[in-house]
Amino acid sequence: MSQHIDRVCVIGAGTMGHGIAQVSAMAGIDVVLVDATAELAERGYHRIRENLEEGVKRQKVTPEQRDKTLARITFAGDLAVAGSANLVIEAIPEKIELKRTLFAELERQVSPGVLLGSNTSSLSITDLQAPLTHPQRLLGLHFFNPVHINKLVEVIHGRQTSKDALESALEYVRRIEKEPVVIKDSPGFATSRLGVLLGLEAMRMVEEGVASAEDIDKALELGYRHPMGPLRLTDLVGLDVRLDIARYLHQKLGAEQFRPPAILERKVAEGKLGKKTGEGFYKWS
């Protein structure tokens, strides 16, 4: 039997985490936003406030909606607050050992009935479940950036995910006015496997001098009606994130097309990670 989600804890207040917190609160759900320190969590809260203020300016959000949304969100630097939630979603860096450590700690903090979601874009849900005492309540909830605008959520069921957990997750996703797609656990799921492949090939084209990043993106936007080209999207997601995913898919699938291009390795080594650092395939400053 699915459970009604009325209190969500989001762990990680960065690009994805604060967006997940925002859309949950806008749907009338109480949210606690957690990061390594209260200061980092508060920074995520302020980014939510900025998003909402922009929405008011654009007349997409009313002042009343803004105020009610912000009132539903609290923030903290301690995992102990997760115990009051009935859904906990992690949005921490794409490192499997980090996520496993977090879920092991969460099992000590929350009751067995609490649903656990991972915002991973490529890591195996089954692998994340393996060390857990209650693996049946863990699944993937892969949101897309920017969360408050993008309608899609991949709901990924691992080998041990229960039917009740899946139904509860689908109910939550629909409540926050997103469109779920249900995916069986597989490296890269559906979107990352396809999207990363397109992005890596675009990088190779830049590397080979086939065309500029701008013209490659324009070709996909105008010729195939992509809302955003793969290289600009890479800058928004983060080149370091793309590199981690590419390495993981190359290892898991053993396919040469997922081997990270030298240009991606080099830019990450130089600290050119995309919009968050001011430069990636584009200059953002």
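In which sense do strands β1 and β2 pair, and over how many bridges? In this predicted model, strand β1, which spans residues 7-11, pairs with β2 in the parallel sense, and the pairing extends over 5 bridges. One position in this pairing can be located directly: Arg7 stands opposite Asp30, a residue of β2.

The connection between the two strands includes a helix. Together with helix α1, formed by residues 15-26, strands β1 and β2 make up a β-α-β unit, and this unit is right-handed. Strand β2 itself covers residues 30-34 and is mostly covered, with 4 of its 5 residues buried. Strand β2 also pairs with strand β3, residues 73-76. Here 4 bridges join the two strands, which again run parallel. Within this second pairing, Leu33 has Phe75 of β3 as its bridge partner.

From the strands, the description turns to the packing of α1. Helix α2 consists of residues 38-57, and its axis comes within 9 Å of the axis of α1, the two crossing at roughly 60 degrees. An angle of 65 to 115 degrees would count as roughly perpendicular and one under 35 degrees as roughly parallel; α1 and α2 are therefore oblique to each other. The crossing in which α1 passes α2 is right-handed. On the α1 side, the contact is made by Thr15, His18, Ala21, Gln22 and Met26, and on the α2 side by Gly44, Arg47, Ile48, Asn51 and Leu52.

A further point of interest is Asn86, which is placed in the loop between β3 and β4, the latter comprising residues 87-90. Is Asn86 buried or exposed? Its relative accessibility is 15%, and because buried means under 20%, Asn86 counts as buried. When neighbours within four places in sequence are left aside, the residues in contact with Asn86 are Gln3, His4, Ile5, Asp6, Arg7, Val114 and Leu115. Among them is Arg7, the residue that stands opposite Asp30 in β2. The C-alpha atom of Asn86 is also separated by 8.8 Å from that of Ser111, although the two residues are 25 residues apart along the chain.

The remaining part of this account concerns helix α7, residues 191-207, in which Ser192 lies. With a relative accessibility of 5%, Ser192 counts as buried, the same cut-off of under 20% being applied. Apart from neighbours within four places in sequence, Ser192 is in contact with Ser121, His142, Leu197 and Leu249.

Which helix packs against α7 at an angle of about 110 degrees? The partner is helix α10, residues 239-253, and the two axes lie 11 Å apart. Angles of 65 to 115 degrees count as roughly perpendicular, and α7 and α10 are therefore roughly perpendicular to each other. Their crossing is left-handed. Helix α7 contributes Ser192, Arg193, Val196 and Leu200 to the contact, while α10 contributes Arg242, Ile245, Ala246, Leu249 and Leu253. Ser192 and Leu249 thus both take part in this helix contact.

Helix α7 also meets helix α11, residues 262-269; their axes come within 8 Å and cross at roughly 90 degrees. That angle makes α7 roughly perpendicular to α11. In this contact, Leu200, Met203, Val206 and Glu207 of α7 meet Ala262, Ile263 and Leu264 of α11. Leu200 of α7 therefore appears both in the contact with α10 and in the contact with α11.

Key:
Residues numbered from 1 in each chain as written. Predicted model: local features only at pLDDT ≥ 70, side-chain atom pairs only at ≥ 80, totals over all residues. Heavy atoms only, no water. Buried < 20%, exposed > 50% of the residue type's maximum accessible area, 1.4 Å probe, protein only. Pairing = 2+ DSSP bridges. Right-handed = clockwise from strand over helix to strand, strands pointing away. Axes fitted to C-alpha atoms, helices over the stretch in contact; angles between N-to-C directions. Parallel < 35°, antiparallel > 145°, perpendicular 65-115°, else oblique. Left-handed = near helix turned anticlockwise from the far one by under 90°. Contact = heavy atoms within 4.5 Å.
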